[in-house]
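Colleague: I have some questions about the terms used for this model. Let's take them one by one.

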Amino acid sequence: MVPVIDPCSFSSSARCTTKHLNLMLHVDFESHVIRGKVALTVEMLEDKCSSLTLDTKDLQISKVAANGQEAKFALGAKHSFNGTPLEISLPFELSRGQHVIVEVTYETSPRASALQWLTPAQTAGKKHPYLFSQCQATHCRSMIPCQDTPMVKHTYYAQVSVPKELVAVMGAVGDGQEPDPQDSSRTIYRFRQAVCRSHLGPVSHRDIGPRSKVWSEKELVDQAAYEFAETESMLKTAEDLVGPYVWGQYDIVVLPPSFPYGGMENPCLTYATPTLLAGDRSLSGVIAHEIAHSWTGNLVTTKSWEHFWLNEGHTVYLERMIARALESEQYRQFKAIGGWKELQDTVNLFGQSNPLTNLVPSLKEVDTDAAFSFVPYEKGFAFLYHLEELVGGPEVFMGFVKSYIQLYAYSSVSTEEWKNYLFTYFKDKVDILKKVDWDGWMNTPGMPPVTNQYDNTLADVCIALCNRWVEAKEEDLASFSDADVKALSSPQLTEFLALLLHQNPLPLSHVKRMQEVYNLNSIKNCEIRFRWLHLCVRARWEEAVPLAFQMATEQGRLKYTRPLFRELYNFEKYRQEAVNMFLQHRAAMHPVTAALVARDLKVEQSHK
């Protein structure tokens, strides 16, 4: 088979593969850099190998050695978003199957896209600085010279030196700590990840299960422990569905508000946004999603970012199967309805003919951050649900998912390999599978070729209330009361607002009345608050504009921040204020968030 080449990576992954990393990192909060040495154990996949290439981005490389011998190196041409290839000439030739330890001494840039440095004022405690890393999709190369592609999977050992008043945690098992022998004001934390990211700050933890802790700044730790109390039951449910959890520990760290995603799976340690701390546990689906990634994403991994749907589509499917087991089939169907709307919104935003809405897009010369969307999540889920219905229902299809995970555990997979195994597993249903519009699902932009039919039982009340508001005339507004929403769960209230956002903008009088009777401004749940403020700005309610700016800037989750800034920018009266507000808060944003919002607001590079 011809090896899959990742268009988002310069590394020579077809000729050699990393088997292990040994990291020694010194974190400098004053200079906002990490000084490091990484030893990569690399296995050759071809004969007569005398060179290799690693991915880097804005790294200063000072020395390279191979098996202890000095090696010549050169940095290639800098790419606008993929970084710079580090080309290493080995002082000897190796054959297929042989290993070499390549040691690179380097320093990161203060502007490394994987790292966000927070001042004490930007933390909850206000006393100590804070650092976290976010490497998906192609940002690890700004923190470590490596083969920055999901087709390369390896173990690692890390030693991290930090000021002694701080704590380091990583997506790995802790292996003790000791005073830094070079500096008595610092501590070295050690980590090992033996199954084929870092975070530093003044954090506390609480036990939330026999194999789980939650970590956060001490001001949030009790609230986080309450919010994530169901973690163990989700883990057990996932194990019942797809087999043993192989990573040992499953911890959650609540990062500062600027973290750009809802969650980010790392073996042993999930990163979570503080926007999940709503106080009603209604947002625990994000943790179910990250737990599911322990199997689909971490254990079985996409071979390149073009096949990202294999990670996310399967993870959404498994997340909703967990919800089915813990809640009901109707609840799974209800979540699928919401996901379909997210997909419609994404396709409308990107454009019906945009090739980035393909389930398997081409990412040649495409910035993976700009390509990130709900498409691999929700188009992927819709496709798997479609297959589920064709082959005989959820129990039958889960048999395939479990078998697929067991077969490809500890490896990386392409869509073609996944499809071949699907046909092998369902060998008695090949005629059915051949009738699937494979090209329409995989390689065609826009909405899927099939519209799945979901159970509307839990959605009907949301649809009815939405229709009442859409059809209401001025004289009908008095008929609305708080009784309309008293019996709605948080997910149902979220769905009601999402439905309204799919309609023409409501008249301003309607939105004002909605606040009067439902008091939506008082709700802390971010899913509800985001849609409510979106609705208000779209209705041109000027009193809501400061609240929308507040939500867009007090947290940096892309799901909320980008759409709010876009909606405020579209409100012509506040367009310049949207740009000014962004520029004012840009320095406190995560680099990925800042770059994407700048693009949305048409802010030129000169503003940086």
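Modeller: Go ahead. Keep in mind that this is a predicted model.

Colleague: Why are H8 and H9 called oblique to each other?

Modeller: Helix H8 (residues 394-408) and helix H9 (residues 415-425) pack at an angle of about 125 degrees. Roughly perpendicular covers 65 to 115, and roughly antiparallel needs over 145. The angle fits neither class, so H8 and H9 are oblique. Their axes lie 11 Å apart, and the crossing is right-handed.

Colleague: Which residues in H8 and H9 meet?

Modeller: From H8, Phe397, Gly399, Phe400, Ser403, Tyr404, Leu407 and Tyr408. From H9, Glu417, Trp418, Tyr421, Leu422 and Tyr425. By class, that contact has nine nonpolar, two polar and one charged residues. Gly counts as polar and Tyr as nonpolar here.

Colleague: What makes S5 and S13 edge strands?

Modeller: The open sheet has eight strands in the order S5-S4-S8-S2-S1-S11-S14-S13, with mixed pairing. Strand S5 (69-70) and strand S13 (173-179) each have a single partner strand, so one side of each lacks a neighbour in the sheet.

Colleague: How do you know that S11 and S14 count as paired?

Modeller: Pairing takes at least two bridges. S11 (residues 155-163) and S14 (residues 186-193) share eight bridges, in the antiparallel sense. Tyr157 stands opposite Arg192 in S14.

Colleague: Why is the chain called as compact as a globular protein of its length?

Modeller: Its radius of gyration is 25 Å, close to the 25 Å from the globule rule for 608 residues, so the description holds. The chain has 20 helices and 22 strands. Its C-alpha atoms fill a box of roughly 85 × 65 × 50 Å along the principal axes.

Technical notes
Residues numbered from 1 in each chain as written. Predicted model: local features only at pLDDT ≥ 70, side-chain atom pairs only at ≥ 80, totals over all residues. Heavy atoms only, no water. Helix = DSSP H or I, 4+ residues; strand = E, 2+ residues; numbered from the N terminus. Axes fitted to C-alpha atoms, helices over the stretch in contact; angles between N-to-C directions. Parallel < 35°, antiparallel > 145°, perpendicular 65-115°, else oblique. Left-handed = near helix turned anticlockwise from the far one by under 90°. Contact = heavy atoms within 4.5 Å. Rg over C-alpha atoms; globule rule 2.2 N^0.38 Å.
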